Each structure stands twice: as C-alpha cells, then as structure tokens.
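Here are some worked exercises to try with the structure open beside you. Have a go at each task before you read its solution.

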Amino acid sequence: MSGCSGNCGKCDGGCGHANAAPVVRPVGSVDLLPFVNTRNVECYNESVQHTKEAVLNNSATFVESDCGTQLLLHVPFTQHVRLTGLALKASETDAGACPKEVCLFLERPGLSLADALDAKPTQCFTLDNSAATEEKELSLRPTLYQNVSCLSILVKSNYGSATTRLCHIDMSGVPRAGLNMSEFKRVG
C-alpha cells in the first residue's frame, strides 16, 4: 500500500489518507467523535509541531511524542458511552514510530504520564507494526467499557524510532442517554 501523494488537499502525504478504507463499525455502534469533549482532551509528551488535534479531527497529519516514545492521551466524552471499538493508525512514512505497547485506562482524567507508566491499566495490547499501513482494531473486553466518561490511551513504546507517531484514533460505541457532562460547571 502506498501513501497519499499529498494531492488530496487534506494531508502532507504521510498518513495514507488517500488509502483510508471505510470504517466498519460493530452493529448498532456509531462514531464516537461527536461525543468527545474536544476542548478538554489532553495529551502529555506531544510535540509542539504535531499535536493531538490531528488524531481527533481526522486531518491526515499526526500527533508525535516530543521526547521519548511515550504518549498519554486523555479523551473525555460529553456523556457516558459504551465503547465497542477502538482502532489506531500510525504513520506510513516511519514504521519504527508505530505504537507497539498500548494501555487503556478508564475514568483516570488526572493521570500523569509518570503515574500511568506505573499504574495498573484496564487493558493492554501489543500491536504489530502493520498499524503503519492499516488501521489496527484493538480487541476490547466488552464488559469493561460499558459506561465510559473518560478514556486514557497510553503508548508505552514503539518499534525503534526516537519518537512515536499516531495518525488516527477511531472510536465506535453507543452514547448513553441522560447526563451531559459538558453542561456541568467545575466547582472550586
């Protein structure tokens, strides 16, 4: 598979935007991006040039770690969701920068990168470096992700590059009716 030529008007040719296959979602699931509280998404150890907005807006660029291979992304939702699918896509231009060890944490929005490296995750995955050329669906244990208001994604290591690159995160699921967390005001 070759990368985008950069002529699509949406990317710099590094993420394979033109080759993106349509996302197949589990029956009854929807894209959860409209339910992400984008103003409150945080990413620790992101470079100044390549920030978290890339993976959330499907802009066909990438988020890149600043120093070292670790990245920690906190994704809060505007309401509780049942997460049924999570897929990651890395950069085609540097297979060594593809995430290798990925851990997920639930309901830990204040978790620092240092604490995340030592904390017990909800679930961990070891990806092969084919995520550099195709989106890799993570095998979520369904019972763990029934009522999620914040998902934290920790990339612990990659396949040998000095930094890690992540082009796209796709989240599928079902929004839970009821509470809209973005309507609450912080007290104190």
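## Exercise 1: A loop residue with an unusual backbone

Task: place Glu107 in the chain and describe its backbone and its exposure.

Solution. Start with the location: Glu107 lies in the loop that connects S5 to helix H2 (113-118). Keep in mind that this is a predicted model. Next, look at the backbone: Glu107 is not a glycine, yet its phi is positive, about 55°. As background, most residues other than glycine have a negative phi. Last comes exposure: Glu107 has a relative accessible area of 35%. Buried would need a value under 20% and exposed one over 50%, so Glu107 counts as partly exposed.

## Exercise 2: The overall layout

Task: find how many helices and strands the protein chain has, and in which pattern they follow along the sequence.

Solution. Begin with the count: the protein chain has 2 helices and 10 strands. Then read along the sequence, and the pattern is β-β-α-β-β-β-α-β-β-β-β-β. Now turn to contacts: of those with a separation of 6 or more, 78% are between residues 24 or more positions apart. To finish, consider the surface. Of the 188 residues in the protein chain, 46% are buried. The accessible surface is about 9,400 Å², and carbon and sulfur atoms account for 50% of that surface.

## Exercise 3: Strand S5 and its partners

Task: work out which strands pair with S5, in which sense, and through which residues.

Solution. Take S8 (residues 148-158) as one partner. Strand S5 (residues 99-106) runs antiparallel to S8, with 7 bridges between them. Two residue pairs help you to line the strands up: Pro99 is opposite Asn158, and Val102 has Val155 as its bridge partner.

Now take S6 as another partner. S5 and S6 are antiparallel too, joined by 4 bridges. Here Val102 is opposite Phe125, while Leu104 has Gln123 as its bridge partner. Val102 therefore has a partner in S8, Val155, as well as one in S6, Phe125, and both pairings follow from the bridges that define strand pairs.

Finally, compare burial. In S5, 6 of the 8 residues are buried. Strand S6 (residues 123-126) has two faces: Gln123 and Phe125 are on the covered one, Cys124 and Thr126 on the uncovered one. This fits a general pattern: side chains in a regular strand alternate between the two faces of the sheet.

## Exercise 4: Ser152 and its surroundings

Task: is Ser152 buried or exposed, and which residues does it contact beyond its neighbours in sequence?

Solution. First find the element: Ser152 belongs to strand S8, where 10 of the 11 residues are buried. Ser152 is itself buried, because its relative accessible area is 0%. S8 also pairs antiparallel with strand S4 (residues 71-89) through 7 bridges, and Pro76 has Cys150 as its bridge partner there.

Now list the contacts. Setting aside neighbours within four places in sequence, Ser152 touches Leu72, Leu73, His74, Cys103, Leu104, Phe105 and Arg108. With His74 there is a polar contact between the two side chains, at 2.5 Å.

One more step follows from His74. Val41 is 33 residues away from His74 in sequence, but their C-alpha atoms are 5.6 Å apart. Val41 sits in the loop between strand S1 (30-31) and strand S2 (42-44). Since its relative accessible area is 4%, Val41 is buried.

## Exercise 5: The nonpolar cores

Task: find how many residues the largest nonpolar core has, and which of them have the most contacts inside it.

Solution. The largest nonpolar core has 28 residues, and those with the most contacts inside it are Phe77, Leu86, Leu104, Leu151, Ile153, Ile169 and Met171. Next, trace the source: S4, S5, S8 and strand S10 (168-175) each contribute at least two residues to this core. S4 contributes the most, with 8 residues. Then look for another cluster: a second, separate core has 8 residues, among them Phe105, Leu111, Leu113 and Ala119. In general terms, nonpolar side chains tend to be buried together in soluble globular proteins.

Conventions:
Residues numbered from 1 in each chain as written. Predicted model: local features only at pLDDT ≥ 70, side-chain atom pairs only at ≥ 80, totals over all residues. Heavy atoms only, no water. Buried < 20%, exposed > 50% of the residue type's maximum accessible area, 1.4 Å probe, protein only. Polar contact = N/O pair within 3.5 Å; in protein donor to acceptor, adjacent residues only side chain to side chain. Contact = heavy atoms within 4.5 Å. Core = buried A, V, L, I, M, F, W, Y, C linked by side-chain atoms within 4.5 Å. Areas by Shrake-Rupley, 256 points an atom, 1.4 Å probe, with all protein chains shown as cover.
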